[in-house]
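I opened this model to look up how one strand sits among its neighbours, and then turned to a loop residue. My notes follow in the order in which I went through them.

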Amino acid sequence: MTDDCTLHLTSSAPEQTAAIAARLGRGLVAGDVVLLSGPVGAGKSLFARALIQARLAELGHYEDVPSPSFTLVQTYDLDAVELWHSDLYRLSDPYDALELGLEQAFEEAICLVEWPERLGTYRPASALHLTLEPGADPDARALHFAATDPRWADLLRALATAHSGPA
């Protein structure tokens, strides 16, 4: 169910959510920003962690991927590109995000940003927005992808195809 730059998927288990994250991660390149929204406990960190671990595993690297709740930013070297994982929950002023170096990272790295509303007007217009919502079952999640930049359309179509086919 994709229409240009939107996609709605459902996941019945954390492992399925992680598989979606890994598939998305395979298509990300330098300059790609994914903004992760949703209430506390919706699975933003699980999604980011799974995406990061999948990208690291492709390089033969296996490491713990902690939540950047207190450090605000964790970076990972993917050889050709850096991946930045940010959790902006504790920021009170959007300008603080710029002091972390995010503005430059948005141009040069792959960026996963939890609590992107804390960016205010600094949210990149070309970003992919992912909203995660709890489902009726405790392990179920609804994943809503949306972008205004048409460059995301092919990646979202590929995600939709992979999700509806064999895992």
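Entry one, on a strand pair. In this predicted model, I looked up the partner of Ser37 and found that Ser37 stands opposite Thr131 in strand 7. I then noted that strand 3 and strand 7 pair in the parallel sense over four bridges, and that Ser37 itself belongs to strand 3, which covers residues 33-37.

Entry two, on the surroundings of Ser37. Leaving aside residues up to four places away in sequence, I listed its contacts as Lys44, Pro116, Glu117, Leu130, Thr131 and Leu132. Ser37 has a relative accessible area of 19%, and I record it as buried because the cut-off is under 20%.

Entry three, on the other pairing of strand 3. I found that strand 3 also pairs with strand 6, in the parallel sense and over four bridges, and that Leu35 stands opposite Val113 in strand 6.

Entry four, on burial along the strand. Val33, Leu35 and Ser37 point one way from strand 3, while Val34 and Leu36 point the other way, and all are buried. In a regular strand, side chains alternate between the two faces of the sheet. Since five of the five residues of strand 3 are buried, I describe the strand as largely enclosed by the rest of the structure.

Entry five, on Arg123. I placed Arg123 in the loop between strand 6 (110-114) and strand 7 (128-134), and I noted that Arg123 is partly exposed, with a relative accessible area of 39%. Again leaving aside residues up to four places away in sequence, Arg123 touches Leu35, Pro116 and Glu117.

Terms used. Residues numbered from 1 in each chain as written. Predicted model: local features only at pLDDT ≥ 70, side-chain atom pairs only at ≥ 80, totals over all residues. Heavy atoms only, no water. Buried < 20%, exposed > 50% of the residue type's maximum accessible area, 1.4 Å probe, protein only. Contact = heavy atoms within 4.5 Å. Pairing = 2+ DSSP bridges.
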